[in-house]
Every structure is written in C-alpha cells, then in structure tokens.
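Hi everyone, thanks for making time this morning. Let me put the sequence and the structure up on the screen, and then we can walk through a few places together.

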Amino acid sequence: MGSQQTERRPREAAVVTKQTTSIRLHHSNLLAFFRAFDSFLVIFLLSIALMAFGVEWNNIYTGLGVLAIITFGFFAETNEVYHMWRGHSTTSLASRLLGAWVATAMVLGMAALLIDPFKDLNSTAIISWIAGTPLVIVSFHWFRRVILTKVRGQSSKPRRVGIVGATPLGKRLVASINKMPWTGYRIHGYYDDRACVDDNQRRLKDEDVTICGGLEQLRADVKAGKIDIVFITLPMAAEKRVRTLIDALANSTISAYLIPDVFSFDLLHSRLTGFQGIPAVSIYDSPLVEHGSTKRAADIILSTIILALLAIPMIAVAIGVKLSSPGPVFFKQFRYGVRGEPIKVWKFRSMSVCEDGPDVPQAKRDDPRVTPFGSFIRRTSLDELPQLFNVLGGSMSLIGPRPHAVAHNEFYREHIQGYMLRHKVKPGITGLAQINGFRGETETLDKMAGRIAYDLEYIRNWSLWLDIKILWWTFFRGFVGQQAY
C-alpha cells in the first residue's frame with residue numbers, strides 16, 4: 001500500500017506543475033531603455049533649441065517639456081511604436097514615430113493657444129524644436145538598427161534558425177526574418193517530412209522552398225549543434241506531430257517556439273492578450289476595446305469645432321430644405337450602430353418621402369423621390385451634416401463604416417460574408433470606403449462587397465493617425481462622387 005502511494009506522488013506533482021505553468025509576456029530591458037531615452041531626447045533637444053536662440057530656461061519650458069514627454073509617450077503607445085519591437089520595418093517604425101510626434105505637436109499647439117503662460121514662449125525656438133525632434137529620434141533608431149545589423153551580421157556565432165513546416169506561414173516567417181538583419185537570425189532551412197499536397201497548401205512544393213529533410217534530420221541537426229532556434233509552423237491539425245516533436249526537442253538545449261496558424265482565419269483587428277499567464281489570440285475584435293476613449297475624445301473635439309465652423313451653412317441648408325418642398329427639415333432613420341444596436345441617424349431631408357421600414361429602396365439616378373434641392377445637397381454630402389449631432393451624442397463617430405438602413409443590413413448580412421463585422425465600431429459620417437470611391441448607390445453585390453472590404457480593412461488597421469488621414473482626404477474625395485445622387 002505504501003509503495004503504491006510512493007509511485008503516485010511523482011505523477012501527481014507533475015500534473016500540478018503543468019497546471020500552474022503560465023506564459024509570461026516578453027519584456028526587453030533594451031526596449032525599456034530606448035523608451036526612456038526617447039523621452040530624454042525630447043527634453044534634451046528642447047534645451048538645445050533654447051540655447052541656440054539665446055532663450056533662458058524657466059518653469060514655463062519645464063511644463064512644456066513635461067507635457068511633451070507625457071503626450072508623446074501616450075501617442076507612441078497608441079501608435080504601437082514600442083510594440084513588436086523586432087517586428088516593425090524601419091519604414092513602419094519611422095512612420096509610427098512621426099505620427100506620434102505630429103499628434104504631440106498638435107496638442108502642444110492647442111496648449112499654447114489655450115494656456116495663458118504658454119503664450120510667452122519663444123515661437124522660433126519652439127518651432128525649431130518641434131521640427132527637429134522627430135528627425136533626431138528617427139535617425140537615432142535608424143542608426144541603432146544599422147549598428148546592430150553590422151555587429152550581428154559579422155558575428156562568428158549567428159543564431160541559426162530551423163523552420164519546422166514548409167507551410168505558407170513558415171514561408172511568411174522566413175520572409176519577415178530576412179527583412180530584419182538586426183536580429184542576428186540566419187535561416188538554416190525548412191524541415192518537413194509530409195508529402196506535397198495541392199489542396200489547402202498543407203505543404204509547399206519543393207520549388208517554393210528548400211527542404212533540408214524531415215523531422216529525423218531535424219533531430220540530427222539539433223544534436224550536431226547546427227541549429228540554435230526552432231520555429232514550429234505546422235498547421236493546428238498536426239497536434240500529435242507537434243507534441244512528438246516537442247517531446248524530442250526536450251532532450252536538447254534548443255530554443256523552440258510554437259507559432260499557431262491563426263492566419264488561416266480572416267482576422268479582424270487581431271491582438272495577443274492573456275489572462276493570468278494564459279495567452280489568447282483574438283480572431284474578431286474591435287480596435288476600440290483599448291482605444292475607445294481616445295477616439296471618443298477626438299470625436300467630441302473635432303465635431304464641436306466643425307459644428308462651430310459650419311453653423312451658418314447648416315442654417316442656410318435648413319432654410320433651403322424648408323422652402324424647396326413641403327415636409328420637415330430633418331429626416332431621421334433607424335440604422336445599425338456599434339454591436340448592431342439600432343440608432344436614429346439624422347439627415348437633412350432630401351426626398352419628398354421619409355421612408356423607414358422593412359423595404360427601403362436605395363436612391364438611384366434620376367430618382368423621382370429626390371427633390372431638386374435634395375439632389376444638390378446629396379451630391380455635395382451636405383445632407384449628412386446633421387450627423388454631427390449623432391457624433392456628439394455618441395451614437396456615431398466622425399470616421400467609420402457608413403451606416404446602412406436596417407432593411408439593407410438584413411439583406412446584405414445574408415449575402416456577404418463578414419458583413420456584420422463592420423459593426424464592431426461605431427458608424428461614421430465618412431470612412432475609408434468613401435474616400436476610395438465607394439459612395440452612393442451600391443446596385444450590385446460586388447459594389448457592396450467592395451465597400452465592406454474597405455470597412456473591414458479600416459477596422460483591421462485602425463489608428464488615430466488613420467482617422468486623421470481619412471478626414472483629410474474626405475475634403476478632396478469624400479464629398480462628391482459619380483455615385484452620389
């Protein structure tokens with residue numbers, strides 16, 4: 001009896017150990033250093049600019065510098081400057097840094113206008129500082145990568161990488177590593193003992209990749225010290241094969257990484273998260289789970305400014321609507337908002353009817369329902385201006401997928417894959433689809449599918465900087481179009 005208990009205890013201990021194991025997020029001391037060093041550069045360059053123009057440092061400039069550090073840190077985090085430190089290309093890293101600093105400069109400009117002590121700042125020195133700081137920071141990061149590339153490229157002991165799985169994911173990983181010479185990784189080759197299969201690209205053909213051998217050859221190369229790191233990119237269906245390989249690699253000092261093939265799904269703003277060390281990858285998610293307050297603040301500020309500037313033109317349009325045809329000035333229609341919840345969208349009335357029900361035909365060319373004045377405000381998008389009140393009220397955003405009538409939603413959700421995913425964010429007055437020509441009538445499924453593709457691309461790639469670009473291009477592309485009638 002005692003011997004049986006003795007035999008059980010090691011197994012029970014092993015189970016407990018496995019259950020309490022968690023996965024920690026990767027943290028780099030080097031990353032923390034550069035994050036802090038960028039903040040130092042902001043203050044240091046401000047002092048250099050003041051010295052260059054003979055301006056004495058005082059408490060006002062201290063406050064400005066602190067505001068700049070806090071703001072830049074916030075926008076850098078929002079723009080994911082320091083996320084995926086190895087994953088950003090040099091161009092992408094530069095654009096993210098510039099975007100964060102441009103947003104910082106806008107905040108500093110508003111502070112200079114609104115905060116009374118900042119009005120005494122030396123404008124020449126501050127403008128020089130604002131213009132020069134991003135160039136220095138970007139140059140510093142570029143120089144860092146050049147040095148790392150040179151040092152690690154000449155290393156006598158490069159980190160040799162083996163890719164397990166001649167899959168599209170493996171090929172994508174190799175392409176990414178080859179674009180990042182500063183990591184010091186050197187691809188040794190692919191390992192895969194599966195036969196080539198044309199369907200579903202389960203394994204790439206030999207002419208697409210060079211196969212060093214199967215899994216037995218991988219074990220031999222690991223044992224011979226030819227490989228330092230292994231990335232496993234086999235499909236999720238190959239669980240038994242992956243388990244066998246991982247157990248075999250436990251008898252070595254190799255560093256092994258498992259890359260789940262989540263890219264086989266049509267991801268929507270996917271992100272890596274976790275719960276007390278339990279990793280999770282989102283398949284369909286909203287970018288505003290973490291950044292909703294930032295977008296909401298921008299909506300309130302910008303819509304208030306736009307309403308103040310357009311108050312008189314809106315009054316003129318309201319008078320034109322009232323005098324041109326009988327009926328109300330405003331037209332309210334139920335549409336789907338975020339999470340598919342119904343909202344009432346405001347518009348200037350452009351038709352002789354106010355239709356809102358289970359069957360609402362889209363406006364067509366020479367539509368008899370459209371009044372002459374209504375045709376003008378539809379072509380110029382002036383009929384959409386009352387939706388600024390929706391933005392202030394929180395049911396819409398300035399930028400986002402255009403809201404469709406409920407009847408249209410119910411039709412297209414049955415005919416276009418992923419249609420309802422556009423409701424992961426608030427609908428907008430303008431969006432990525434509108435500045436790319438998808439405005440007005442969508443009389444075919446292909447046209448609506450094209451619009452939805454842009455809507456989903458917007459959600460996948462959302463950033464505050466993207467919203468600013470869309471708002472800018474709306475002034476040149478979004479107000480008019482051949483399909484607007």
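Let me start with a question: which backbone nitrogen does the side chain of D192 reach? Keep in mind as you look that this is a predicted model. The partner is A166, with the D192 side chain coming to 2.8 Å from the backbone nitrogen. D192 sits in the loop between β2 and β3, and with a relative accessibility of 5% it counts as buried. Leaving aside residues up to four places away in sequence, D192 touches G165, A166, R203, I211, G213, G214 and L234.

Now step along to D193, which is in that loop between β2 and β3 too. What does D193 pair with in a salt bridge? The partner is R241, and the closest N and O atoms are 2.7 Å apart. R241 belongs to helix α8, so this pair ties together parts that are 48 residues apart in sequence. D193 is partly exposed at 45% relative accessibility, and R241 is partly exposed as well, at 33%.

From α8 we can move to α7, which covers residues 215-223. Which residues of α7 are buried? They are L215, L218, D221 and V222. Looking down the helix axis, those residues fall within an arc of 115°, so they line one face of α7. The face turned away from that buried side carries E216 and K223, both exposed. As for what covers the buried residues, the list includes β1, β2, β3, β4 and α8. After α7 comes G225, with a positive phi near 80°.

Let me zoom out for a moment. The protein chain has 15 helices and eleven strands. Of its 485 residues, 40% are buried. If you take the contacts between residues at least 6 apart in sequence, 71% of them join residues at least 24 apart. The accessible surface comes to about 27,100 Å², and carbon and sulfur atoms account for 61% of that.

On that surface there is a nonpolar patch that I'd like you to see. The patch is about 800 Å², made by M110, L113, L114, I115, I301, L302, I305 and L309. Helices α4 and α9 each supply at least two of the residues, and α9 gives the most, with four. M110 is on the α4 side, and at 41% relative accessibility it counts as partly exposed.

Back to charges for my last main stop. In general, side chains of opposite charge can pair when their charged atoms come close. The structure holds 13 salt bridges, and here are two that share K347. One joins K347 to D383, with the closest N and O atoms 3.4 Å apart. K347 is in strand β9 and D383 is in the loop between α10 and α11, 36 residues away in sequence. The other joins E384 to K347, at 3.8 Å. E384 is also in the loop between α10 and α11, 37 residues from K347. Are these residues buried or exposed? K347 is buried at 10% relative accessible area, D383 is buried at 2%, and E384 is buried at 14%. Through shared partners, salt bridges join K347, D383, E384 and R402 into one network.

One more residue before we finish: W473, in helix α15. W473 is partly exposed, at 35%, and its C-alpha is 9.5 Å from that of N436, 37 residues away in sequence. That's my tour, thank you!

Technical notes:
Residues numbered from 1 in each chain as written. Predicted model: local features only at pLDDT ≥ 70, side-chain atom pairs only at ≥ 80, totals over all residues. Heavy atoms only, no water. Buried < 20%, exposed > 50% of the residue type's maximum accessible area, 1.4 Å probe, protein only. Arc of directions from axis to C-beta. Contact = heavy atoms within 4.5 Å. Areas by Shrake-Rupley, 256 points an atom, 1.4 Å probe, with all protein chains shown as cover. Patch = residues over 30% accessible without salt bridge, like charges linked within 9 Å, V, L, I, M, F, W, Y side chains within 5 Å. Salt bridge = Lys/Arg side-chain N within 4 Å of Asp/Glu carboxyl O. Polar contact = N/O pair within 3.5 Å; in protein donor to acceptor, adjacent residues only side chain to side chain.
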